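Biologist: Could you take me through one part of this model up close? I'm new to this, so plain words please.

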Amino acid sequence: MSDKDEWYLESTPKPSLRFWIFQQMSLGAIWAALVLFGLIAVILIIRAIGALLPEDPFAALELGTRALGALV
(Lines give C-alpha, C1' and ligand atoms only; values in the text may rest on other atoms or scores of the structure.)
Protein backbone atom coordinates (compact mmCIF):
# COMPACT_ATOMS: atom_id res chain seq x y z
CA MET A 1 0.00 0.00 0.00
CA SER A 2 2.38 2.68 1.14
CA ASP A 3 6.08 2.87 1.25
CA LYS A 4 7.25 3.52 4.76
CA ASP A 5 10.10 5.85 3.97
CA GLU A 6 11.79 7.23 7.02
CA TRP A 7 12.30 10.61 5.41
CA TYR A 8 10.43 12.53 2.77
CA LEU A 9 13.38 12.75 0.37
CA GLU A 10 15.57 9.80 -0.35
CA SER A 11 18.58 11.83 -1.44
CA THR A 12 19.00 13.76 1.84
CA PRO A 13 20.11 12.20 5.12
CA LYS A 14 17.72 11.87 8.03
CA PRO A 15 17.62 14.84 10.39
CA SER A 16 19.27 14.43 13.74
CA LEU A 17 17.60 15.57 16.93
CA ARG A 18 21.01 15.99 18.56
CA PHE A 19 22.15 18.32 15.79
CA TRP A 20 18.96 20.37 16.08
CA ILE A 21 19.39 20.71 19.85
CA PHE A 22 23.05 21.68 19.39
CA GLN A 23 22.11 24.23 16.73
CA GLN A 24 19.41 25.82 18.90
CA MET A 25 21.67 25.97 21.95
CA SER A 26 24.47 27.49 19.86
CA LEU A 27 22.15 30.15 18.48
CA GLY A 28 21.01 30.95 22.01
CA ALA A 29 24.61 31.26 23.17
CA ILE A 30 25.42 33.56 20.25
CA TRP A 31 22.45 35.81 21.03
CA ALA A 32 23.39 35.89 24.72
CA ALA A 33 26.97 36.86 23.83
CA LEU A 34 25.75 39.61 21.50
CA VAL A 35 23.47 41.03 24.18
CA LEU A 36 26.24 40.86 26.80
CA PHE A 37 28.81 42.59 24.59
CA GLY A 38 26.23 45.17 23.53
CA LEU A 39 25.43 45.94 27.15
CA ILE A 40 29.13 46.27 27.97
CA ALA A 41 29.59 48.58 24.97
CA VAL A 42 26.69 50.81 26.09
CA ILE A 43 28.10 51.01 29.62
CA LEU A 44 31.56 51.91 28.31
CA ILE A 45 30.14 54.59 26.01
CA ILE A 46 28.17 56.13 28.88
CA ARG A 47 31.30 56.10 31.08
CA ALA A 48 33.35 57.74 28.29
CA ILE A 49 30.75 60.49 27.86
CA GLY A 50 30.64 60.93 31.63
CA ALA A 51 34.43 61.33 31.73
CA LEU A 52 34.24 64.10 29.12
CA LEU A 53 31.66 66.09 31.05
CA PRO A 54 32.71 68.40 33.89
CA GLU A 55 32.05 67.32 37.48
CA ASP A 56 30.10 70.48 38.26
CA PRO A 57 27.10 70.76 35.92
CA PHE A 58 27.09 74.57 36.21
CA ALA A 59 30.82 74.95 35.49
CA ALA A 60 30.24 75.38 31.76
CA LEU A 61 27.68 78.12 32.39
CA GLU A 62 30.03 79.97 34.74
CA LEU A 63 32.85 79.70 32.22
CA GLY A 64 30.62 81.19 29.54
CA THR A 65 29.55 84.10 31.72
CA ARG A 66 33.18 84.79 32.72
CA ALA A 67 34.23 84.77 29.06
CA LEU A 68 31.44 87.18 28.16
CA GLY A 69 32.29 89.38 31.15
CA ALA A 70 35.91 89.55 30.06
CA LEU A 71 34.93 90.61 26.55
CA VAL A 72 32.45 93.28 27.66
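Modeller: Let's look at helix α1 and the residues around its start. Keep in mind that this is a predicted model. The chain has 2 helices and 0 strands, and α1 is the helix that runs over residues 17–52. How far apart are its end C-alpha atoms? They sit 53 Å apart, and at 1.5 Å a residue the 36 residues of α1 should span 52 Å, so the two values agree.

Now go to the N-terminal end of α1, where Ser-16 acts as the cap. One of the side-chain oxygens of Ser-16 lies 3.4 Å from the backbone nitrogen of Arg-18.

A bit further along you'll meet Trp-20, which is also in α1. Is it buried or exposed? Trp-20 has a relative accessible area of 49%, so it counts as partly exposed, because "exposed" starts over 50%. Trp-20 also has company: together with Leu-17, Ile-21 and Met-25 it makes a nonpolar patch on the surface, with about 470 Å² of accessible area between them. Here's a handy rule: an α-helix has 3.6 residues a turn, so residues three or four places apart point the same way.

Zooming out, 0% of the 72 residues in the chain count as buried. The chain exposes about 7,300 Å², and carbon and sulfur atoms supply 71% of that area.

Key: Residues are numbered from 1 along each chain as its sequence is written. This is a predicted model: local features need pLDDT of at least 70, side-chain atom pairs count only at pLDDT 80 or more; totals for chains, interfaces and linings use all residues. Side-chain values use heavy atoms; hydrogens and water are left out. Patches are made of residues with over 30% relative accessible area and no salt bridge: like charges are joined within 9 Å, nonpolar side chains (Val, Leu, Ile, Met, Phe, Trp, Tyr) within 5 Å. Accessible areas come from the Shrake-Rupley method with a 1.4 Å probe; for residues, only the protein chains shown count as cover. A salt bridge is a side-chain nitrogen of Lys or Arg within 4 Å of a carboxyl oxygen of Asp or Glu. Helices (H or I, at least four residues) and strands (E, at least two) are DSSP runs, numbered from the N terminus. Buried means under 20% relative accessible area, exposed over 50%, partly exposed in between (1.4 Å probe, protein chains only). The expected span of a helix is 1.5 Å times one less than its number of residues. A polar contact is a pair of N or O atoms within 3.5 Å; within protein, one must be able to donate a hydrogen and the other to accept it, and residues adjacent in sequence count only if both atoms are side-chain atoms.
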